[in-house]
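Here's a model to walk through at an easy pace. Have the structure open and turn it as you read.

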Amino acid sequence: MDTIALVPNNSLITETPEEGRQLAVKLARLIIKLTQPDEEKRKQLRDVYGNDAMMLIAVGQTVATEFATIAAANNYWQK
């Protein structure tokens, strides 16, 4: 299996909250890729979670947790 960089560029620092949110989504996706490295299996599972409200809520919660961590690392983008 290829090595996956779980923190791109080894940093959570972003210029804006929007970039922070994009990073949060990317981090959540990287965890899924690490957990299920088989691309075909991930494609098969998209139909399952894409139609399950509770699974979609869980995805949102994961991204929110990642974003909270990134926001704190960026001092909530206060100058």
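Let's start with the open space: the largest pocket holds about 710 Å³. Keep in mind that this is a predicted model. If you want to find the middle of that pocket, look for Ala-28, Arg-29, Ile-32, Lys-33 and Tyr-49, which lie nearest its centre out of the 21 residues that line it.

Which helices supply the lining? Helix 1 (17–35), helix 2 (39–49) and helix 3 (53–73) each put in at least two residues. Helix 1 has the largest share, with nine residues. As for chemistry, the lining of this pocket is a mix: 12 residues are nonpolar, six are charged and three are polar.

Now turn to the packing. The largest nonpolar core has 10 residues: Ile-4, Leu-23, Ala-24, Leu-27, Ala-28, Leu-30, Val-63, Ile-70, Ala-71 and Trp-77. Two elements, helix 1 and helix 3, give two or more residues to this core. Helix 1 again leads the way, giving the most with five residues. That sort of grouping fits a general habit: nonpolar side chains tend to be buried together in soluble globular proteins. Ala-28 is worth a second look, since this core member is also among the residues nearest the centre of the largest pocket.

Ile-70 is a handy place to see the core from the inside. What does Ile-70 touch once its neighbours within four places in sequence are left aside? The contacts are Leu-12, Gly-20, Leu-23, Ala-24, Leu-27 and Trp-77. Of these, Leu-23, Ala-24, Leu-27 and Trp-77 belong to the nonpolar core as well.

Next, a couple of backbone oddities. Most residues other than glycine have a negative phi. Asn-10 isn't a glycine, yet its phi is positive, at about 55°. You'll find Asn-10 in the segment before helix 1. Is Asn-10 buried or exposed? With a relative accessible area of 71%, Asn-10 is exposed, because anything over 50% counts as such. Tyr-76 is another non-glycine residue with a positive phi of about 55°, and this tyrosine sits in the segment after helix 3.

Last stop: Lys-43, in helix 2. Lys-43 has 40% relative accessibility, so it counts as partly exposed, between the 20% and 50% cut-offs. To get a feel for the spread of the model, hop from Lys-43 to Ala-71: 28 residues apart along the chain, their C-alpha atoms are separated by 31 Å. Ala-71 takes you back to the nonpolar core, where this alanine is one of the members.

Notes. Residues are numbered from 1 along each chain as its sequence is written. This is a predicted model: local features need pLDDT of at least 70, side-chain atom pairs count only at pLDDT 80 or more; totals for chains, interfaces and linings use all residues. Side-chain values use heavy atoms; hydrogens and water are left out. On a 1 Å grid over the protein atoms alone, a cavity is a set of points where a 1.4 Å probe fits but cannot get out, and a pocket is an open set with protein on both sides within 12 Å along at least five of seven lines; lining residues have an atom within 4 Å of a point. Grid points are joined across faces, edges and corners, and a volume is the space filled by probe spheres set on the points. Helices (H or I, at least four residues) and strands (E, at least two) are DSSP runs, numbered from the N terminus. Ala, Val, Leu, Ile, Met, Phe, Trp, Tyr, Cys and Pro count as nonpolar, Asp, Glu, Lys and Arg as charged, and the others, Gly among them, as polar. A nonpolar core is a set of buried Ala, Val, Leu, Ile, Met, Phe, Trp, Tyr and Cys residues joined through side-chain atoms within 4.5 Å. Buried means under 20% relative accessible area, exposed over 50%, partly exposed in between (1.4 Å probe, protein chains only). Contact means heavy atoms within 4.5 Å.
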